Structures are given as structure tokens and as C-alpha cells.
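Grab a pencil and have the viewer open. Below are a few exercises, each followed by a worked solution.

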Amino acid sequence: MENSMEFFEKISSEPFILLFGSVILLLVIIGLFTKSSKWSNFIPNIIVSIGILGTFFGIFKGLWYFDVDDIDKSIPELLGGLKLAFSTSLLGIFFSIILRFRNNSRTEVVKEETTADDIHE
């Protein structure tokens, strides 16, 4: 329990992780409550794309301040960028998988409940 609190404190101290994570969570909420099958199938792709964008941004951020002449002082910035990169990737992939499973189970229920009269209407 103590380790998980420490983990969330470290994550919450990174503004870019909070930014990318908030956008991903907002899209997850929209994906959970949307009625349109077009959007519910499209949102997991957007979430993965934002996770990948965060990955590249994190790597860019880490390498931007990297100084080969002073590696000892550059390592913390590099690790901070990598933390952002891996965090956004994990969030994007995790929530995309959850939404895809939800969407697939929802379409299977709709398929089972559909009758010939429903198609004719």
C-alpha cells in the first residue's frame, strides 16, 4: 500500500504525465458513455495515438536537456523523459484494450438481441 502511494506521488509530480493522462482518461470516459458505434470504435485508436505521442514527447524531452559533456547532471532529465514516455504508452495501451473489450462485448450483446424484425425496420 505504501509503495502504491509513493508511485502515485511521483507520477502526480510530473505535469506532462498529468496532462497526457488526463486527456487519455477524458477520452476513456467519453468512450464509455458514447452511444455512437462509430466513435466507440474510433476512440481506442485515438487513445493509443496519444500514448505514442506522449512516448515521443517524453523521449524528446529527455534528450533535449542531455549534455554529453556532463552526463551525471543529464541523467535525471533523461530518466524524467523516459518516465513520461513509458507512462503515457502504458496508459494508452491499457485503456485502449479495456475500451476494445467493452466495445466487443457490447456489439456481441446487440447482435444476440437483434431479430429479423429489427433488421426489417
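**Exercise 1**

Which residues in H2 meet which residues in H3?

*Solution.* Keep in mind that this is a predicted model. Start on the H2 side: Phe16, Phe20, Val23, Ile24, Leu27, Val28, Ile30 and Gly31 are the ones that make contact. Now cross over to H3, where their partners are Ile43, Ile46, Ile47, Ile50, Gly51, Leu53, Gly54, Phe57 and Lys61. Sort that contact set by type and you get 13 nonpolar residues, three polar and one charged.

**Exercise 2**

Work out how helices H2 and H3 are oriented relative to one another.

*Solution.* First, the ranges: H2 covers residues 15-33 and H3 covers residues 37-64. Next, the geometry: their axes come within 10 Å and cross at roughly 175°. Angles over 145 degrees count as roughly antiparallel. That makes H2 roughly antiparallel to H3.

**Exercise 3**

Find the aromatic pairs, then classify the one formed by Phe20 and Phe57 and the one formed by Phe60 and Trp64.

*Solution.* Rings pair if their centres lie within 6.5 Å. By this rule there are four aromatic pairs.

Take Phe20 and Phe57 to begin with. Their ring centres are 6.0 Å apart and the planes meet at 40°, so this pair is tilted. Phe20 belongs to helix H2 and Phe57 to helix H3, so the pair ties together parts 37 residues apart in sequence. As for accessibility, Phe20 is buried at 10%, while Phe57 is partly exposed at 27%.

Now do Phe60 and Trp64. Here the centres are 5.2 Å apart with the planes at 40°, so this pair is tilted. Phe60 and Trp64 are four residues apart in helix H3, about one helical turn. Phe60 comes out partly exposed at 48% relative accessibility, and Trp64 comes out exposed at 58%.

One last step: trace the ring pairs and you'll see that they link Phe16, Phe20 and Phe57 into a cluster.

**Exercise 4**

Is Ser96 buried or exposed, and what does Ser96 contact?

*Solution.* Locate Ser96 in helix H4, which spans residues 71-113. Buried means under 20% relative accessible area. Ser96 has 3%, so Ser96 is buried. Leave out neighbours within four places in sequence, and the contacts of Ser96 are Pro44, Ile47 and Val48. Zoom in on Pro44: its backbone oxygen sits 3.3 Å from a polar atom of the Ser96 side chain.

**Exercise 5**

Describe the setting of Ser49 in the same way.

*Solution.* Ser49 is part of helix H3. With 45% relative accessibility, Ser49 counts as partly exposed. Its side chain reaches the backbone oxygen of Asn45 at 2.9 Å. For a long-range neighbour, look at Ile93: the two are 44 residues apart in sequence, yet their C-alpha atoms are 9.3 Å apart in space.

**Exercise 6**

What can you say about two other H4 residues, Phe86 and Arg100?

*Solution.* Phe86 goes first. This residue of helix H4 counts as exposed at 57% relative accessibility. Its C-alpha atom is 9.3 Å from that of Ile59, a residue 27 positions away along the chain.

Then Arg100, also found in helix H4. A relative accessible area of 36% makes Arg100 partly exposed. Setting aside residues up to four places away in sequence, Arg100 touches Pro44 and Asn45. Pro44 is a contact of Ser96 too. Finally, Arg100 and Ser40 are 60 residues apart along the chain, with their C-alpha atoms separated by 8.4 Å.

**Exercise 7**

Zoom out: how many helices and strands does the chain have, and what fraction of its residues is buried?

*Solution.* Count the elements and you get five helices and zero strands. Written along the sequence, that reads α-α-α-α-α. For burial, 28% of the 121 residues qualify. To finish, take the contacts between residues at least 6 apart in sequence: 68% of them join residues at least 24 apart. One place to see contacts across the sequence is Ser96 in H4, with Pro44, Ile47 and Val48 among its partners.

Terms used
Residues are numbered from 1 along each chain as its sequence is written. This is a predicted model: local features need pLDDT of at least 70, side-chain atom pairs count only at pLDDT 80 or more; totals for chains, interfaces and linings use all residues. Side-chain values use heavy atoms; hydrogens and water are left out. Axes are lines fitted to C-alpha atoms, for helices over the stretch in contact, and angles run from 0 to 180 degrees between N-to-C directions. Angles under 35 degrees count as roughly parallel, over 145 as roughly antiparallel, 65 to 115 as roughly perpendicular and the rest as oblique. Contact means heavy atoms within 4.5 Å. Ala, Val, Leu, Ile, Met, Phe, Trp, Tyr, Cys and Pro count as nonpolar, Asp, Glu, Lys and Arg as charged, and the others, Gly among them, as polar. Rings of Phe, Tyr and Trp (its six-membered ring) pair if their centres lie within 6.5 Å; planes under 30 degrees apart count as stacked, over 60 as edge-to-face and the rest as tilted. Buried means under 20% relative accessible area, exposed over 50%, partly exposed in between (1.4 Å probe, protein chains only). A polar contact is a pair of N or O atoms within 3.5 Å; within protein, one must be able to donate a hydrogen and the other to accept it, and residues adjacent in sequence count only if both atoms are side-chain atoms.
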